[in-house]
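Here is a structure to read by its definitions. Each question asks how a label is earned.

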Amino acid sequence: SAEEVTAHYLETIRKSKINGYITVSDKALEQAKRTDSEGHNGPLAGVPIAIKDNISVAGLPNSCGSKILEGYVPPFNAHVVEKLLKAGAVILGKTNMDEFAMGSSTETSYYGPTANPWDLERVPGGSSGGSAAVVAAGEAPFSLGSDTGGSVRCPAAFCGVVGLKPTYGVISRYGLVAYANSLEQIGPIANNVTDIAVLMDVIAGYDHRDSTSIDRNTEYQKALVDNVKGLKIGVPKEFFGEGIHPDIEKAVWNAIHKFESLGATWEEVSMPNIKYALASYYIIAMSEASSNLARFDGTRYGFRESGENWHAMVSKTRAEGFGSEVKRRILLGTYALSAGYHDKYYLKALKVRTLVKQDFDSVLSKFDVLMAPTMPTPAFKIGEKIEDPLTLYLSDVNTCPINLAGVPSISVPCGFTDGLPIGLQIIGRPFDEPTVLRAAYTFE
Ligand code: GLN
């Protein structure tokens, strides 16, 4: 029964060693019992799920991993949560994340880091580190994350699970706390590709409350066909640049050769503007963040510090409430948008974004999918990179170009190095999740 399944997960969570959840729902068991007694027959009837803590679930705290939202409990459900509940899913709780999704290791969370279930001394990736780690640790059968520049795929790769960043517009962002609106999508994380397709069939779809939502009917589970005969794979050499761990390079090539043995063909290609993607991504992401995070002023949500007048209150609240990575990004983003620098930085970054997009359009007109390593290295040690933001930003080199272009991309496990999982990234044409899923399904 749903009650038994939910009780099992709650018990596993209780014994957890990874700090994957910020909030465990005290209503989960009750909700499961109700699903049983109603005889709910939705596609996810009684199936538990974990939700990243920047996606609104009515009645559960929504902290975004930040002190500034302490005590904030949203009164409404995100579009994806409405859909999950309608399908019968049981919400287990809210998962740990980098503060406001800014990071690649889940170490910037106000609630402490999450450990990687494969090695508790290592990071689970980020920013949806909690969502990936709880799936890998058996503390949820699947979860939702958000991916602005890799935040679903990076932790999926580091934790040895599957994570999909859908095409921009496919999933409503209503109820997702915005970090960089033009880049991000909610994405599913699961143990296998089938579960990803099942979740996509539930959560994707048009929503008038998100002006970038797209009205298309895609049947994701129908894409699960075990056949890649004739599939044309492009292998962009820029994704195998300096700093890629040799075992990761080897594992990804082994995967590509496996596709070849199954009837696919591959060819190396060049995407000359990819080398500028990381810089463009960070300028755009920080600029959008500096504007989005202006709403956290102590007046409306969560934490408030007292001050002699309104300005003092806002400034003290923000000084106390935000962590140092968030402050760094607000400052840099404000700088990049300010008069006199706007053209030099923000506008330039937008122009580079167009060039990156054109690179994708050009190679994806010749190939069905592109394949590359998701991350240049396996999971690193907790504390190893956190003092050096630039090194941490560099770890997004293979994931953030995809968000600039808005195309779909999945990370699937493709091997190990020293006992740590490696992720293969399969990138597709806009709205061609079916081909991406078919390739990933055939591979696993
Ligand atoms: N690591 C990237 C960043 O910090 C990506 C984060 C994300 O996708 N939310 O911006």
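A residue is buried if 20 or more other C-beta atoms lie within 10 Å of its own, exposed if 12 or fewer, and partly exposed in between, with C-beta atoms placed from the backbone. This is a predicted model: local features need pLDDT of at least 70, side-chain atom pairs count only at pLDDT 80 or more, and totals for chains, interfaces and linings use all residues. Residues are numbered from 1 along each chain as its sequence is written.

Q: What makes residues 246–261 helix H7?
A: Helices are DSSP runs (H or I) of at least four residues, strands are E runs of at least two, and both are numbered from the N terminus. H7 has 16 residues.

Q: How do you know what span to expect of H7?
A: The expected span is 1.5 Å times one less than the number of residues. For H7 that is 22 Å, and its first and last C-alpha atoms are 23 Å apart, close to expectation.

Q: Which residues of H7 are called buried?
A: Ile248, Ala251, Val252, Ala255 and Phe259 meet the cut-off for buried.

Q: Why are the buried residues of H7 said to line one face?
A: The arc is taken from the directions from the helix axis to the C-beta atoms. The buried residues of H7 fall within 95 degrees, so they line one face.

Q: What does the face of H7 turned away from its buried side carry?
A: Pro246, His257 and Ser261, which are exposed.

Q: Which elements do the buried residues of H7 pack against?
A: Contact needs C-beta atoms, placed from the backbone, within 7 Å. The partners include strand E7 (232–236), strand E8 (265–269) and helix H14 (433–443).

Technical notes. Contact = placed C-beta atoms within 7 Å.
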